Amino acid sequence: LEHDFTMPAAPREVALDPTGSRVLAATDRQLFLWNADDGALVARVGTETGFVLPPVFSADGGYVAIAERVEGANPLYSVLRSADGSLVSTIEGTPDAEDWELGPGGRYVALQGPETVVRVLETRRGAELRPLPHSHPVERLLHSNDGAMLVTVDGAGAIASWPLAVA
């Protein structure tokens, strides 16, 4: 056993960042980030209301996105630095997202929902970069390492690529 990442409750989500340097675990109301090399706790982020989507790492591993439930309002999407858990930005989310991806550099979130349109939101201002319409509900989202391309796979098996202009 190299490291034992201790938590107060069983995790609902666990992820290793793409670089292998951070371990993420989430309970219903807390997010934990550890340094994978030495097992040290890097950050603990709590919420009063719980998470509505699983926390995700950006493709480059530098950022984490969380989606917090807000009573009587749309959820809040927050981007944190994975190095120390510090808050980078918070934007208003959408109530019907079922899954998501955080783009490299934490620059955008791509939201997959029950409908046939994937929404891509810029994480600093919350502006919708572009809708990505499909003929069938989308089942999978993938992004290029540089964040310039998003690939979607819909329920009928159609694969599409979408250029994204994100500064």
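Which residue stands opposite Leu 80 in β8? The residue is Leu 87.

This is a predicted model: local features need pLDDT of at least 70, side-chain atom pairs count only at pLDDT 80 or more, and totals for chains, interfaces and linings use all residues. Residues are numbered from 1 along each chain as its sequence is written, and side-chain values use heavy atoms, without hydrogens and water.

**Strand pairs**

Strands are DSSP runs (E, at least two residues), numbered from the N terminus. Two strands count as paired if DSSP finds at least two bridges between them. Three antiparallel pairs are set out here.

| Strand pair | Bridges | Opposite residues |
|---|---|---|
| β7 (residues 76-81) and β8 | five | Leu 80 and Leu 87 |
| β9 and β10 (residues 108-112) | four | Trp 100 and Leu 111 |
| β13 and β14 (residues 149-154) | five | His 143 and Leu 150 |

β7 and β8 form a hairpin with five residues between the strands. Within this hairpin, Gly 85 takes a positive phi near 75°.

**Two open sheets**

One open sheet has four strands in the order β9-β10-β11-β12, paired antiparallel. Its edges are β9 and β12 (128-133). Each has a single partner strand, so one side of each lacks a neighbour in the sheet. Neighbouring strands here are turned by 15° against each other on average, direction ignored. Such angles are taken between axes, which are lines fitted to C-alpha atoms; angles run from 0 to 180 degrees between N-to-C directions.

The other open sheet has three strands in the order β13-β14-β15, also with antiparallel pairing. β13 (138-143) and β15 (159-163) stand at its edges. Each pairs with a single strand, so one side of each is left without a neighbour in the sheet. The twist averages 20° from one strand to the next.

**Charges**

A salt bridge is a side-chain nitrogen of Lys or Arg within 4 Å of a carboxyl oxygen of Asp or Glu. The count by this rule is three. One of them joins Arg 12 to Asp 28, with the closest N and O atoms 2.5 Å apart. This pair links distant parts of the chain, 16 residues apart. Arg 12 lies in the segment before β1 (13-16). Asp 28 sits in the loop between β2 (22-26) and β3 (30-35).

Asp 96, Glu 98, Asp 99 and Glu 115 form a negative surface patch. Patch residues have over 30% relative accessible area and no salt bridge, and like charges are joined within 9 Å. Accessible areas come from the Shrake-Rupley method with a 1.4 Å probe. Glu 98 belongs to the loop between β8 (87-92) and β9 (99-102).

How values were computed
Patch = residues over 30% accessible without salt bridge, like charges linked within 9 Å, V, L, I, M, F, W, Y side chains within 5 Å. Lys, Arg positive; Asp, Glu negative; His and termini not counted. Charge placed at Lys NZ, Arg CZ, Asp CG, Glu CD.
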